[in-house]
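Let's take a walk through this one together, starting with the bound ligands and finishing out in the loops. Keep the viewer open as you read.

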Amino acid sequence: MASSQVLNFSPNPTFLNFSKPSLSSKFGFVLKPWRYPSPLILKCCSPLSRTVNEQLLQETIKGNAGDTSSIEVDSVTEAELKENGFRSTRRTKLVCTIGPATCGLEELEALAVGGMNVGRINMCHGTREWHKRVIERVRKLNEEKGFAVAIMMDTEGSEIHMGDLGGTSSAKAEDGEVWTFSVRAFDSSWPERTISVNYEGFAEDVKVGDELLVDGGMVRFEVIETIGPDVKCICTDPGLLLPRANLTFWRDGKLVRERSAMLPTISSKDWLDIDFGIAEGVDFIAVSFVKSTEVINHLKSYIKARAHNGDIAIIAKIESIESLKNLEEIILASDGIMVARGDLGAQIPLEQVPSAQQKIVQLCRQLNSPVIIASQLLESMIEYPTPTRAEVADVSEAVRQQSDALMLSGESAMGQYPEKALTVLRSVSLRMERWWREQKFHEGLDLPNIASSFADCISEEICTSAVKMANNLEVDAIFVYTKTGHMASLLSRCRPDCPIFAFTGTTSVRRCLNLQWGLIPFQLSFSDDMESNLNKTFSLLKARGMIKSGDLVVAVSDMLQSVQVMTVP
Ligand SMILES: Nc1ncnc2c1ncn2[C@@H]1O[C@H](COP(=O)(O)OP(=O)(O)OP(=O)(O)O)[C@@H](O)[C@H]1O
Ligand SMILES: CC(=O)C(=O)O
Ligand SMILES: [K+]
Ligand SMILES: [Mg+2]
């Protein structure tokens with residue numbers, strides 16, 4: 001029998017005791033019964049849209065997890081746990097953009113082994129058939145090799161961008177060269193030094209003297225003449241033009257966004273891509289150039305009416321001035337945030353990007369939303385096998401900020417060293433996380449209450465207390481039994497010293513937890529009886545060599561709203 005100390009939170013208790021005040025074998029002292037403030041005085045703050053997904057809950061209650069005697073965790077985490085023990089598992093999650101360099105089965109497997117938690121497909125590039133094959137390969141690897149890689153589909157959006165460069169993979173623009181940007185469609189006969197532009201109003205909107213920035217300034221032009229659909233420009237900062245690169249134009253030092261700002265966030269092509277994503281059962285949809293919450297709410301109800309086998313989480317990409325203005329409500333409306341520094345850096349001055357990142361990460365943490373740091377993390381590794389010191393410092397900073405996830409873009413999509421780039425993210429994360437724990441930075445961190453209902457208040461208090469207990473008792477892991485993933489995310493939000501083992505009965509919940517800091521998602525069917533859940537988990541994990549007798553665990557459950565401290569028997 002496992003030694004256990006239980007805290008049960010009924011909806012209306014005045015105080016709560018440890019029901020079995022036995023000795024903790026690890027510490028040899030008695031934990032005193034303690035008074036817990038009546039939940040009636042807990043403050044409920046701003047409404048939060050993180051409500052329980054009814055469909056999911058029904059699905060879980062019906063018990064769709066199949067075999068009741070098995071536990072599933074991805075094979076990479078399992079190996080990591082066995083090799084390094086609980087404490088040194090990686091907390092920061094890794095997202096890789098899949099492109100021509102990594103779309104093959106072998107390359108995908110290498111990324112999965114290297115720690116990719118989420119594979120991102122960018123609908124700006126490639127055909128739907130191409131993306132479909134990538135998704136199928138990832139699912140096949142998950143099934144056959146025991147990975148749990150989730151899929152994120154990123155929409156193209158309808159911002160102004162260049163076309164396909166007539167089939168070439170890149171073009172060099174030299175200083176002083178004259179290039180034509182045109183809204184005409186070209187088929188076979190592509191004039192030299194000509195770029196097509198996707199936005200019809202482009203030639204009418206620009207004026208002679210405007211500055212035209214490709215990819216936020218990677219290449220610069222000045223408009224010298226407009227002739228009908230064609231805009232002639234002289235190159236003022238040379239550089240490489242890549243297919244479908246983003247375009248912005250500036251007048252008197254200010255970004256011009258008059259009519260183009262009226263373009264819909266989700267274009268008609270995006271809606272077709274979204275239908276494709278729903279049909280293929282992607283786990284996340286990242287929405288480019290989000291301006292306000294309407295589009296998120298609209299997309300959520302669209303998905304709810306169509307996605308039958310589970311939920312798709314919506315990630316709002318912060319890459320425009322409007323999204324920065326409406327940041328808090330966008331965070332509340334979506335299921336996660338991406339700091340899309342590439343385009344963001346084209347819309348605000350570059351020197352403001354780091355403070356914007358810090359602010360977004362902090363607000364996401366406060367509002368309990370997972371946040372991904374994206375773009376140019378290891379840009380030089382597209383060409384070189386080692387990163388620059390500055391890139392390592394940038395990655396370290398994102399880990400130090402305790403963002404949930406880091407993302408590779410061109411490094412993994414079309415770079416020469418995708419696996420090496422992933423290895424750098426992994427090792428920098430592990431090193432920085434260890435330093436963080438050694439410095440005990442978690443002490444003194446205050447998170448505001450965010451619950452919008454009384455039940456949520458209880459969950460939040462349980463998670464805050466459980467993490468405090470886990471840190472003070474130096475336990476080896478926190479276990480959470482969660483149907484919707486909500487309790488798991490509340491625990492992750494507190495960034496405990498130890499990893500969080502999140503047990504859930506639903507495949508889609510398990511894959512979504514992949515994106516959150518410190519969570520190790522397991523698929524397990526469980527009952528309302530915590531005693532039997534724990535005993536079952538212990539024996540399954542012991543049989544797999546993932547825990548051992550004497551390990552100390554804090555266990556939390558969202559069915560009983562309870563906290564227990566257990567020594568593994
Ligand atoms: N499916 C793909 N097919 C071909 N090339 C791709 C694909 N996905 C990505 N790439 C290449 O990798 C580069 C970086 O990819 P990434 O997805 O980060 O995009 P991006 O085009 O900079 O735009 P976004 O702002 O949407 O991220 C792209 O510019 C493109 O050259
Ligand atoms: C990722 C992305 O869309 C950007 O950085 O612009
Ligand atoms: K995109
Ligand atoms: Mg972008």
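What follows looks at the two ligand shells, then an annotated domain, then three loop residues.

One thing up front: this is a predicted model. Start at ligand 1, which has 17 residues around it. The ones that come nearest are Gly-99, His-125, Gly-126, Ser-409 and Ala-413. If you look for elements that give two or more residues to this shell, you'll land on α10 (341-347) and α13 (410-413). As for chemistry, the shell around ligand 1 splits into 9 polar, 5 nonpolar and 3 charged residues.

Now swing over to ligand 2. Its surroundings include Ser-288, Lys-317, Glu-319 and Ala-340, then Arg-341, Gly-342 and Asp-343, and finally Ala-374, Ser-375 and Ser-409. You've met Ser-409 already, since it is among the residues that come nearest to ligand 1. Helix α10 turns up again too: with 3 residues, α10 gives the largest share of the shell around ligand 2. Sorted by class, that shell has 4 charged, 4 polar and 2 nonpolar residues.

Next, the annotation. An unreviewed UniProt entry lists residues 460-560 as "domain: Pyruvate kinase C-terminal". Over residues 460-560 the chain is 42% helix and 22% strand, and the C-alpha atoms at the two ends sit 14 Å apart.

Leu-515 is worth a stop. You'll find it in the loop between α17 (507-512) and β22 (519-524). Is Leu-515 buried or exposed? It counts as buried, because 28 C-beta neighbours lie inside 10 Å. Some of its contacts come from far off in sequence: Leu-515 and Lys-93 are 422 residues apart along the chain, yet their C-alpha atoms are 5.8 Å apart in space. Besides Lys-93, Leu-515 touches Asn-117, Val-118, Gly-336, Pro-370, Asp-404 and Ala-405, leaving aside residues up to four places away in sequence.

To finish, check the backbone at two arginines. Arg-495, in the loop between α16 (486-493) and β21 (500-504), has a positive phi of about 45° although it isn't a glycine. Arg-495 is classed as buried because it has 21 C-beta neighbours inside 10 Å, and the cut-off for that class is 20 or more. Arg-244 has a positive phi as well, near 60°, and is found in the loop between β12 (239-241) and β13 (247-251). Arg-244 has 14 other C-beta atoms within 10 Å, so it is partly exposed.

Methods. Residues are numbered from 1 along each chain as its sequence is written. Chains are lettered from A and ligands numbered from 1 in the order in which they are written. This is a predicted model: local features need pLDDT of at least 70, side-chain atom pairs count only at pLDDT 80 or more; totals for chains, interfaces and linings use all residues. A residue is near a molecule or strand if its C-beta atom, placed from the backbone, lies within 6 Å of it. Helices (H or I, at least four residues) and strands (E, at least two) are DSSP runs, numbered from the N terminus. Ala, Val, Leu, Ile, Met, Phe, Trp, Tyr, Cys and Pro count as nonpolar, Asp, Glu, Lys and Arg as charged, and the others, Gly among them, as polar. A residue is buried if 20 or more other C-beta atoms lie within 10 Å of its own, exposed if 12 or fewer, and partly exposed in between; C-beta atoms are placed from the backbone. UniProt positions are given in the numbering used here, feature names are shortened, and annotations may be inferred rather than shown by experiment. Two residues are in contact if their C-beta atoms, placed from the backbone, lie within 7 Å.
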